[in-house]
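Me: I should like a close look at one part of this model, with attention to its backbone geometry and its surroundings.

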Amino acid sequence: MKQNRKRSERRPVERLYPTPETGLTEEQAAQRRAAGWNNAAQHSLSKTEWQIVRDNVFTFFNFVFVALAACLFAVGAYRDMMFLGIVAANVFIGIVQELRVKRTLDKVTLLSGSTACVVRGGRTRTVPTDELVLDDIVLLRPGSQVCADAVVADGTLEVNEALLTGEAELVQKRPGDTLLSGSFVVTGACAARLDKVGTDCYAARITGEARRRKRHRSEMMRALDRLLRFISIAIIPVFVIMFAKQYFFLHTGLEYAMSSTVAAIIGMIPEGLYLLVSVALAVSVISLARSKTLVHELSCIENLARVDTLCLDKTGTITEGCMEVLETIPVPGMEGGALAELLGSFTAASGEDNATAQALRARFGALGGGWQPKAAVPFSSERKWGALVLKDGDEYILGAPEIVLGGGYAAFRGTVEPQLAAGRRVLVLARGHGVLEGGTLQHDPQALGFVVLSDKIRADAPATLAYFKAQGVDVKVISGDNAVSAAEVARRAGVEGAEHYLDMSRVPEDADLRGAAQAHAVFGRVTPQQKRALICALKDTGRTVAMIGDGVNDVLALKDADCSIAMAAGSEAAQHVAQLVLLSSNFSAMPQIVKEGRRVINNIERSATLFLVKNIFSFVVSLVLLFAAMPYPLVPAQISLLSGLLIGVPSFLLTFEPSYGRVRGSFMRSVLLNALPGGLVNVVNLLAVMWIGSGMGLPMEQISTVCTLLAGTAGFMVLLFLCWPLSRWRFAIVAAMGVGFIGACVLLGPLFGLSPLSGRAWTLLGVFAAATPALMCLFVFLVSRVKQRLRRSQRAKHAAGLSATLS
């Protein structure tokens, strides 16, 4: 993306006021661009190559590792500095993966970048929004997001400024009124002159950029942040106290005191865990991008894995979104030809360009015409109707029959409802005189006839919905169409519980929707505010909610969903708000997207368990030894052996395995409970071996070697436990790591600080190695009981909350 010049570097230009028909010339636009008055943001939202390198190299824990290595270098413990190789590998992998993500996303973003319709030299063309310049004339229609501050030059429209102000009410704009960047068009159309561009825009002044979104840290990343903050606070006092105790009180010697203290600190740092998460998410982003899915926020990948409720609009998701007129039904006394001419005239004069208007134009566009309305009320999802006021005072209204006709709808119920029950959409054309006032219907108009439309169900929708049903994900259809019609379409598509539907037009705006959101599967006549309220109601009942939408009326709901997904064929506003954008606009891609989210989070949880086993035993043992007259038993080279072969390599390989179960529960709690048995086994083994070994008179080198081998045995068992049941891939990983660990101990023992064992040391190793499986089973059993109690407690709390909600 081109960089916009700073204000001080811009050259003054003469303000121009081109007509909406001609706009700027290409020469005028080029002059403005050269002078720095283009619409590009001053700063790109994506990282540069230098920022990627900087963020991976200059981290707090990298600084800690370098400082620890310097301490080892100062005392001559060069062998124990090999952990720097793991740190360097982590940094290199992190940089390479982020660069891959940047290149992939840059390509995808270029293909899906925002564009605008601009008038240049009397010709209309589409250009990227950052190529617009000051005083350009842009054409806006429903669904367009205003890309820079502008002034309406011609036309009228209604805009939603909720993304800027938080207020959902529509604001009407007429010639001379200001349009703020970041707002989006709901109804109407206009030609607007750009008045402020780039960093001068309203949204840019408030948030730094019109399209900047608030990035949300996922539950998993927040948990890791808390863990790293705790570790960063704990390591400095632990280092000082442990070194002082071993050197000044236990008199272990400077080199061993420093080496063992550094080993304790390294064991407490999950040096590869944060990288593992970043790499796994990065690979997932690349995978989704190759599947034509653009990821705006990494947090949505975790939320995808936890989704238990999927909300979607009917049109464009379950159905193809291309409406067609099936028939017209004139009222008694109205001829079919006359009704068709009126529909043709209304459609031509209204200038609407939504799917319904396109279907009407295709059927009646050649009929009627010549209307010159003196006023218009554009169709909106809130009103469910649009209207034209002619010069003679006649008012024509087109929209939902039950809304437009009011009390007069009862007379036509027998005509309309059989069509709705068949899953079709019905509009009424009505006429009145003096029934409109202030853009609202004050009286019931006279019905002239009905138009029956149909939207074809996507061929792949039933299979997609069946997948979500099999996965235990509830599907909620939230539609602006008639509830009966939406329910029938949902039933034909295979939505479970589609017979339980609710007409939201009969529900008060301030009603508590939590009970209704739980009890119904289909909602009809839903306003944009009610869509948002339904999403919030479902979240209030403890659900993780994903929302799929493509229209302007979906923006508010998308903004509040745990995971928001937009169709690229839909409105720009929906795409800008959503966390994921389906570039192919294909609903059938959803199962694969959900699987990808589950795969990456499940594998991260499993791999994180391996890291925390080491952190648990290192922290607990260090804490105990602060008050015991024993030195820390391991040195950095031994920690590196354990970290590399039994944690780092297998955790990286396991992140690529298919694992599609829905993620449940707290990330950190699940990981800690899974890691606890292995960590406690190591704590018991190491403390017992140190105590018994010291009593047997074994030298510290042999005690250290026995502790390393026992930690390796426990680590191997944890790996086996996490890989159970064994597939070919899992068996290969377990076998390779076992063989690798034994081979490293036998062939490279001195390199990793392992010394030959005496007979008594072998006996001690054999006894504890034989007891390790039983000890592991005991701790697994105890932790499983804790898990069961936590699950029962959580279910009881959820049931109590749900009961209170429904009551």
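In which loop is Asp135 found? Please then set this residue beside other places with notable backbone geometry.

Reply: In this predicted model, Asp135 is found in the loop that connects β2 (123-128) with β3 (137-140). Its phi is positive, about 75 degrees, although Asp135 is not a glycine. Most residues other than glycine have a negative phi, and most peptide bonds are trans. Asp135 has a relative accessibility of 0% and therefore counts as buried, the cut-off being under 20%.

Ser585 also has a positive phi, about 50 degrees, and is not a glycine. Ser585 lies in the loop between β23 (580-582) and α22 (590-625). With a relative accessible area of 11%, Ser585 is buried.

A glycine with positive phi occurs after helix α15: this is Gly423, with phi near 85 degrees. Within α15 (residues 413-421), Val416, Gln419 and Leu420 are buried. These three residues lie on the same side of α15, because they cover an arc of only 100 degrees around the axis. The elements that cover the buried residues of α15 include the strands β10 (319-330), β14 (425-432) and β17 (446-457), together with the helices α14 (401-404) and α17 (483-493).

A departure of another kind concerns the peptide bond itself. The bond from Trp724 to Pro725 is cis, with omega near -5 degrees. Pro725 is located in the loop between α25 (700-722) and α26 (728-747).

Conventions:
Residues numbered from 1 in each chain as written. Predicted model: local features only at pLDDT ≥ 70, side-chain atom pairs only at ≥ 80, totals over all residues. Heavy atoms only, no water. Helix = DSSP H or I, 4+ residues; strand = E, 2+ residues; numbered from the N terminus. Buried < 20%, exposed > 50% of the residue type's maximum accessible area, 1.4 Å probe, protein only. Arc of directions from axis to C-beta. Contact = heavy atoms within 4.5 Å.
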